[in-house]
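Work through the exercises below with the model open beside you. Try each task before reading its solution.

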Amino acid sequence: MQNTIQNFLPQQYDETDQKPINHNYLSDQFADYEDILKKIGEVVRRGDFTLGRAVDTFEKRYAELVGVKHAIGVGSGTDALFLSLKAIGVGPGDEVITTPFTFYATIGAIVTAGARPVFVDVREDYNIDPQNIEAAITPRTKAILPVHWSGKPCDMDPIQAIAKTHNLHIIEDACHAITASYKGRSAGTYGTFGCFSMHPLKNLNVWGDGGVACTNDDDMANKMRLLRNHGLRDRDHCDVFAYNSRLDTIQAVVADHLLDKLPHITNMRIENAKYLDEKLGKIDGVTIPPRDAGDIRQVYHIYSLRFERRDELQIFLENKGIDAKVHYPIPMHLQPAAKEWGHKEGDFPIAERICKSVMSVPVHEFITQEQLDQIVDAVQEFYA
């Protein structure tokens with residue numbers, strides 16, 4: 001008999017909390033929770049828990065931040081991807097080109113929208129390789145879905161050119177990439193939709209799940225607003241039978257509160273990542289992915305490098321109280337859920353090679369200089 005699938009997250013939280021240097025910094029970030037609770041108290045008094053005033057306020061500020069006409073709050077980053085695909089008309093029989101090196105949600109959104117993901121290998125910077133996209137296009141291709149992994153924007157100029165030539169939509173998975181930019185434009189503004197996540201460990205986060213879909217297309221914005229709220233144009237008229245994926249008013253309050261802190265959050269992550277790049281890059285056995293100077297702003301939702309003897313090093317670091325995580329050890333085409341597509345090891349060699357050696361250490365805004373040096377010293381000790 002198959003074992004019952006249990007909630008595995010509480011144990012994971014407990015294990016992480018035991019490490020002095022860890023990825024979970026939320027108690028520090030929300031030390032001012034009483035200020036947020038006061039704002040939430042206003043929501044309780046008004047009772048506008050679903051698509052209330054705070055959602056409108058947050059959406060307006062978020063659109064201004066990203067530089068788009070429309071920001072639509074939804075239930076999660078995954079829902080932003082899924083609803084974006086539905087808004088452009090993706091359904092059974094369609095194909096969506098994407099990367100095998102991503103979080104499960106990217107592929108889950110494509111599959112639950114009714115389409116098949118068509119994988120294209122990545123470059124050494126972990127992002128989809130535009131040179132491989134055109135060969136993957138078929139008459140069934142509906143969209144290209146690039147993932148701005150770890151907050152580094154993909155190479156969008158050639159991706160846009162390919163999409164224009166073949167009359168394809170671009171849906172950007174910018175869930176890692178709030179305030180990241182490519183050649184002066186924000187990630188999430190190059191496609192029909194840009195999709196963002198506000199999961200608790202994202203750079204802009206809430207007290208649960210939340211997401212945003214951004215677009216400059218008025219018609220697409222209207223479709224998204226219908227799709228997230230049962231297809232309702234108003235209380236009494238349903239234009240299309242749809243979904244329930246509204247950003248909670250309470251989560252909008254939390255997100256709006258964090259917007260003021262976002263510049264500091266982002267700048268500290270960039271500063272900490274640059275420091276570790278400089279120090280760890282001098283150690284044999286450590287490979288830093290290519291960094292683009294000048295025209296790319298990477299915001300380091302994840303600080304991820306490649307390490308020789310990765311699994312041994314991970315245990316070594318954890319024994320020293322350093323929360324070293326693997327994001328992620330198995331590429332999407334080799335996951336059990338992907339068996340029906342018939343992929344095998346060797347199909348996407350760069351993604352597979354990255355998965356076998358990649359590992360992340362914390363660079364969030366509450367990591368101290370002393371802790372950064374502890375990470376460096378521990379890695380040096382291991383390879384010595």
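**Exercise 1: a charged residue and its partner**

Task: Classify Arg 309 as buried, partly exposed or exposed.

Solution. Start with the area. The relative accessibility of Arg 309 is 45%, so this residue counts as partly exposed. The model is a predicted one. Next, locate the residue. Arg 309 sits in the loop between E12 and H11. Check the backbone. Its phi is positive, about 55°, although Arg 309 is not a glycine. Then find the partner. Arg 309 forms a salt bridge with Glu 312, with 3.3 Å between the closest N and O atoms. Glu 312 has 44% relative accessibility and therefore counts as partly exposed.

**Exercise 2: two backbone checks**

Task: Find where Tyr 300 lies, give its phi, and decide whether Tyr 300 is buried or exposed.

Solution. Tyr 300 is in the loop between strand E11 (296-297) and strand E12 (304-307). Its phi is near 55°, a positive value in a residue other than glycine. Now the area. Relative accessibility is 5%, and buried means under 20%, so Tyr 300 counts as buried.

Task: State the form of the peptide bond from His 327 to Tyr 328.

Solution. Read omega. The value is near 0°, and the bond from His 327 to Tyr 328 is cis. Then place the second residue. Tyr 328 belongs to the loop between helix H11 (310-319) and helix H12 (349-357).

**Exercise 3: the sheet**

Task: Write down the strand order of the open sheet and explain why E1 and E3 are special.

Solution. Count the strands. There are 7, in the order E1-E9-E8-E5-E4-E2-E3, with mixed pairing. Look at the ends. Strand E1 (70-74) and strand E3 (116-119) are at the edges; each has a single partner strand, so one side of each has no neighbour in the sheet. From one strand to the next, the twist averages 25°.

Now take one pair. Backbone hydrogen bonds are what pair the strands of a sheet, in parallel or antiparallel fashion. E1 and strand E9 (residues 211-215) are antiparallel, over 5 bridges. Within that pair, Ile 72 stands opposite Ala 213 in E9.

Task: Which strands does helix H4 lie across, and which does helix H7 lie across?

Solution. Helix H4 (residues 53-66) lies across E1, strand E8 (193-197) and E9. Its angle to E1 is about 130°. Helix H7 (residues 156-165) lies across strand E4 (141-144) and strand E5 (169-173). Its angle to E5 is about 150°.

**Exercise 4: the surroundings of an acid**

Task: Decide whether Asp 173 is buried or exposed, then list its contacts beyond four places in sequence.

Solution. Asp 173 lies in strand E5. Its relative accessible area is 6%, so Asp 173 is buried. Leave out the neighbours within four places in sequence; the contacts are Leu 81, Thr 102, Thr 106, Leu 145, Pro 146, Val 147, His 148 and Cys 195. Last, compare two kinds of distance. Asp 173 and Thr 266 are 93 residues apart in sequence, and their C-alpha atoms are 18 Å apart in space.

**Exercise 5: salt bridges across the sequence**

Task: How many salt bridges does the structure hold, and which parts does the Arg 353 and Glu 124 pair tie together?

Solution. The total is 25 salt bridges. In one of them, the side chains of Arg 353 and Glu 124 meet at 2.8 Å, N to O. Arg 353 is in helix H12 and Glu 124 in the loop between E3 and E4, so the pair ties together parts 229 residues apart in sequence. Arg 353 is partly exposed at 38% relative accessibility. Glu 124 is partly exposed at 31%.

Task: Repeat the analysis for Lys 183 and Asp 157.

Solution. Their side chains meet in a salt bridge at 2.6 Å, N to O. Lys 183 lies in the loop between strand E6 (181-182) and strand E7 (185-186), and Asp 157 in helix H7, so the pair joins parts 26 residues apart in sequence. Lys 183 is partly exposed at 46%. Asp 157 is partly exposed at 34%.

Task: Which residues are linked in a network of salt bridges?

Solution. The network links Arg 123, Asp 125, Lys 152, Asp 155 and Asp 292.

Methods. Residues are numbered from 1 along each chain as its sequence is written. This is a predicted model: local features need pLDDT of at least 70, side-chain atom pairs count only at pLDDT 80 or more; totals for chains, interfaces and linings use all residues. Side-chain values use heavy atoms; hydrogens and water are left out. Two strands pair if DSSP finds at least two bridges between them. Helices (H or I, at least four residues) and strands (E, at least two) are DSSP runs, numbered from the N terminus. Axes are lines fitted to C-alpha atoms, for helices over the stretch in contact, and angles run from 0 to 180 degrees between N-to-C directions. Contact means heavy atoms within 4.5 Å. Buried means under 20% relative accessible area, exposed over 50%, partly exposed in between (1.4 Å probe, protein chains only). A salt bridge is a side-chain nitrogen of Lys or Arg within 4 Å of a carboxyl oxygen of Asp or Glu.
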